[in-house]
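Colleague: Before I plan anything at the bench, could you take me through this model one point at a time?

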Amino acid sequence: MIPILAAQKMVNNIEAPALNRLGGCFPGSSIVRTPHGPQEVSTIRPGDLVQVMGPSGALGFSHILMMIHSNPKSRANFLRIHTKSGRKLNITPSHLLMIVKQDDNPEQRPLNQTKALVKSIFAGQIRMGDQLVVQNDKESLLLDEIVGLTSAELDGVFAPLTNEGNVIVDDTLVSCYANIDSQSLAHWSFLPVRIYYGIKSMIISVLENIGLMSTQSSHPRSSLDLNKQNFTNEKTLPQNLPTNSEDTTSNSTKSSTANIRMRSGGPNSVKRLRQNAIPDLSNNDSQEQRLPNEESRQKKTKEKPRKVLLNPDVADASIHWYARCLYAIARLVLPKTWIVS
């Protein structure tokens, strides 16, 4: 780990340009927990179940309502937080996370004695010695001390939204929100989104009960086994095609050969006509295989290196339109001390 003073200086350097942009998020390689096991945040979609902390403080699973930010093609600089237990969390400095300040818990009491001290702050404002709320192997939450702060340049920027307003990312309890320095205010501001998806879920449930919509069509990504089966079928289907085509080719060749022999009456003429009539399939196959490879190589040479985002900008189209509009309104009505400006 890097020394405390050097680490704190690094956080300050990251915080300055980062806390004036919209789009607190995580890299695509960050891990969330689903009923099917750990999964990268870049692979989840609205409707999928992820692990969250419920109102009672217990862990459970909740549907993703929408992706506030989803951009797999960009690279960004993230703050990497190291904890005493060896956990690592990559997060943008303008994102909210849940911590217990070192000054509020100098004795490092356990979480069950310090729940009232848990607060949400910007990731760029944490300090060495503060404690994150993390998940242990026994599916419960505890406190983990921050012992290191570095930066990392990683691919993708993603931010899921759940009904609870929080999510477990890299075994750490984090908020779904960014830029507004209040978890409760940010959660309240997304109330219309929760109402919309609540009504939508009720309508889908009614349609399913009366038989007008199937569960599979309403939640196309909820069954991982179905997707795997379809993917397997797509992979195995072309393997049966060459046999049918070879049979068809051989049958047509035999019939054409018989007709040619009847008309020409000579095996030599039949041989010459057969060579002219039947193309060299192996050469065509090799040409067809080479063409995509050549095209892919040309595309790779034409591709420009991706720019590294210091932090996603408010004009980034990959940020959900509701979040962009909300941030624009918040900058007009909220005090400057409450919002990233």
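**Helices and salt bridges**

Modeller: In this predicted model, the buried residues of helix α8 are Tyr322, Ala323, Leu326, Tyr327 and Ala330.

Colleague: How many degrees around the axis does the arc of these buried residues cover?

Modeller: An α-helix has 3.6 residues a turn, so residues three or four places apart point the same way. The buried residues of α8 lie on the same side of the helix, because the arc they cover around the axis is only 130 degrees.

Colleague: Which exposed residues does the face of α8 turned away from its buried side carry?

Modeller: Exposed here stands for a relative accessible area over 50%. On the face of α8 that is turned away from the buried side, the residues that count as exposed are Trp321, Ile329 and Leu332.

Colleague: Against which elements do the buried residues of α8 pack?

Modeller: Helix α8 runs over residues 321–333, and its end C-alpha atoms are 19 Å apart, which agrees with the 18 Å that its 13 residues should span. Its buried residues pack against β4, α2 (183–189) and α3.

Colleague: Which residues of α3 are buried?

Modeller: Helix α3 takes in residues 191–209 and reaches 27 Å from its first C-alpha to its last, close to the 27 Å expected for its 19 residues. The buried residues cover an arc of only 90 degrees around the axis, which puts them on the same side of α3, while Met202 and Asn209 are exposed on the other side. The buried residues of α3 are Val193, Arg194 and Ile204.

Colleague: Which residue just after α3 takes a positive phi?

Modeller: The helix itself covers residues 191–209. Just after α3, a positive phi of about 85 degrees is taken by glycine 211.

Colleague: How many salt bridges does a search of the whole structure find?

Modeller: Side chains of opposite charge can pair when their charged atoms come close. One such pair is arginine 33 with glutamate 139, whose side chains meet in a salt bridge at 3.1 Å, N to O. For the whole structure, the search gives a count of salt bridges that comes to 8.

Colleague: How many residues apart are aspartate 144 and arginine 87 in sequence?

Modeller: Aspartate 144 forms a salt bridge with arginine 87, with 3.2 Å between the closest N and O atoms. Aspartate 144 lies in strand β9 and arginine 87 in the loop between β4 (59–83) and β5 (88–91), so the salt bridge ties together parts whose separation in sequence is 57 residues.

Colleague: Is aspartate 144 buried or exposed?

Modeller: The cut-off for buried is under 20% relative accessible area. Its partner arginine 87, at 18% relative accessibility, counts as buried. With a relative accessible area of 5%, aspartate 144 is likewise buried.

Colleague: What is the relative accessible area of lysine 119?

Modeller: Lysine 119 forms a salt bridge with aspartate 104, the closest N and O atoms being 3.5 Å apart. Aspartate 104 counts as partly exposed at 31% relative accessibility, and lysine 119 is also partly exposed, with a relative accessible area of 37%.

Colleague: What percentage of the residues of the chain count as buried?

Modeller: The secondary structure of the chain comes to 8 helices and 12 strands. Among contacts with a separation of 6 or more, residues 24 or more positions apart account for 68%. Of the 341 residues in the chain, the share that counts as buried is 39%.

Notes:
Residues are numbered from 1 along each chain as its sequence is written. This is a predicted model: local features need pLDDT of at least 70, side-chain atom pairs count only at pLDDT 80 or more; totals for chains, interfaces and linings use all residues. Side-chain values use heavy atoms; hydrogens and water are left out. Helices (H or I, at least four residues) and strands (E, at least two) are DSSP runs, numbered from the N terminus. The expected span of a helix is 1.5 Å times one less than its number of residues. Buried means under 20% relative accessible area, exposed over 50%, partly exposed in between (1.4 Å probe, protein chains only). The arc is that of the directions from the helix axis to the C-beta atoms. Contact means heavy atoms within 4.5 Å. A salt bridge is a side-chain nitrogen of Lys or Arg within 4 Å of a carboxyl oxygen of Asp or Glu.
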